[in-house]
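Here are some exercises to work through with the model open beside you. Try each task before reading its solution.

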Amino acid sequence: MEKIFLFIITLIIASPSTTKKASFVYDTVIKIGVTDMDCNDLLNPSNPASFKKEEIKIFYLKQGIVEEVYNENMRAKRNFLIDENDIELWKNLFPNSEYLVRLFPNDSILEEFPITYIQWNSKNTDTIKCKYERSAEVIGCSKVWLNGELLWGEGTGDYSKPRHIDIVK
C-alpha cells in the first residue's frame, strides 16, 4: 500500500501541468529627449555642454522620504539608460535628439501618483509624476507630468503615441 501511495504521488508530481501561466504586463518606461533652446542634444556625449551619464542620479519619493536609486545588480543601476536614437519612430518624435533616456520611474503602490526626480547634475533637477493603472495582470503608466505639467496621457495630443516627453533646458 505504501508503494502504491508513493507511486501515485510521484505520478502526480511528474505529470505535465495543463494550467496556463498568466502573463503579466509591466509597462512603465518613459523615453526622454533633452535639448537646449538651440536644439542641441544635451545627452550627446560629444556635446561639451551635455549632461554626463555618470552625474545623472534618480531619486524616488516614497512615503515622504526621498531615496536615491542604485542597484549594483541591474543593468540600469540608477533606473535609467541612455540609448542612441536609432529607431525611426523615436527619430520622428525626437528630431533634435541623437540620444534618449530610457527612464524606469517610481511605481510604488504606496503612492497615488509616484514621484521620480531626475538630477541631471548638481544644479538641475526635474520632477516626473506618473499615474498608473493596476490590475492582477497589468501595471501600466497612463499619465506623465513633468514639473507639474501633464505632457503625456489621456487628455494630451500625444496619448496615441508611445510614452515620451521632450525636455528643453
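**Exercise 1.** Is cysteine 141 buried or exposed? Then work out its disulfide status.

*Solution.* A word on the source: this is a predicted model, in which local features need pLDDT of at least 70, side-chain atom pairs count only at pLDDT 80 or more, and totals for chains, interfaces and linings use all residues. Residues are numbered from 1 along each chain as its sequence is written, and side-chain values use heavy atoms, with hydrogens and water left out.

Step 1: take the relative accessible area, where buried means under 20%, exposed over 50% and partly exposed in between (1.4 Å probe, protein chains only). Cysteine 141 has 5%, so this residue is buried.
Step 2: look for a disulfide, that is, a pair of cysteine sulfur atoms within 2.5 Å. The structure holds 0 disulfides. For cysteine 141, the nearest cysteine sulfur belongs to cysteine 130, at 3.9 Å.
Step 3: for contrast, turn to cysteine 39, which is partly exposed at 39%.

**Exercise 2.** Find how the rings of phenylalanine 113 and tryptophan 145 are arranged, and which lysine sits over them.

*Solution.* Step 1: apply the pairing rule: rings of Phe, Tyr and Trp (its six-membered ring) pair if their centres lie within 6.5 Å, with planes under 30 degrees apart counted as stacked, over 60 as edge-to-face and the rest as tilted. The whole structure yields 3 aromatic pairs. In one of them, phenylalanine 113 and tryptophan 145 have ring centres 5.6 Å apart and planes at 85 degrees, so they are edge-to-face.
Step 2: place the partners, using strands (E, at least two residues) and helices (H or I, at least four) as DSSP runs numbered from the N terminus. Phenylalanine 113 is in the loop between E6 and E7 and tryptophan 145 is in strand E9 (residues 138-146), so the pair ties together parts 32 residues apart in sequence.
Step 3: compare accessibility. Phenylalanine 113 is partly exposed at 28%, while tryptophan 145 is buried at 13%.
Step 4: check for a charge over a ring (NZ of Lys or CZ of Arg within 6 Å of the ring centre and within 35 degrees of the ring normal). Lysine 129 lies 5.1 Å from the ring centre of phenylalanine 113, and its charged end is 4.5 Å from that of tryptophan 145.

**Exercise 3.** Which strands does E3 pair with?

*Solution.* Step 1: two strands pair if DSSP finds at least two bridges between them. Strand E3 (residues 57-62) runs antiparallel to E7, joined by 5 bridges; here phenylalanine 59 stands opposite tyrosine 117.
Step 2: E3 is also joined to strand E4 (residues 65-68) by 4 bridges, again antiparallel, with tyrosine 60 partnered by glutamate 67.
Step 3: inspect the turn. E3 and E4 make a hairpin with 2 residues between them, and glutamine 63 there has a positive phi of about 50 degrees.
Step 4: look across to leucine 110, whose C-alpha atom is 7.3 Å from that of glutamine 63, although the two are 47 residues apart along the chain. Leucine 110 is exposed, at 58% relative accessibility.

**Exercise 4.** Which side chains make polar contacts with aspartate 126?

*Solution.* Step 1: locate aspartate 126 in strand E8 (residues 124-134); this residue is buried at 4%.
Step 2: list the polar contacts (N or O atoms within 3.5 Å; within protein, one must be able to donate a hydrogen and the other to accept it, and residues adjacent in sequence count only if both atoms are side-chain atoms). Aspartate 126 reaches the side chain of tryptophan 120 at 2.7 Å and that of asparagine 147 at 2.8 Å.
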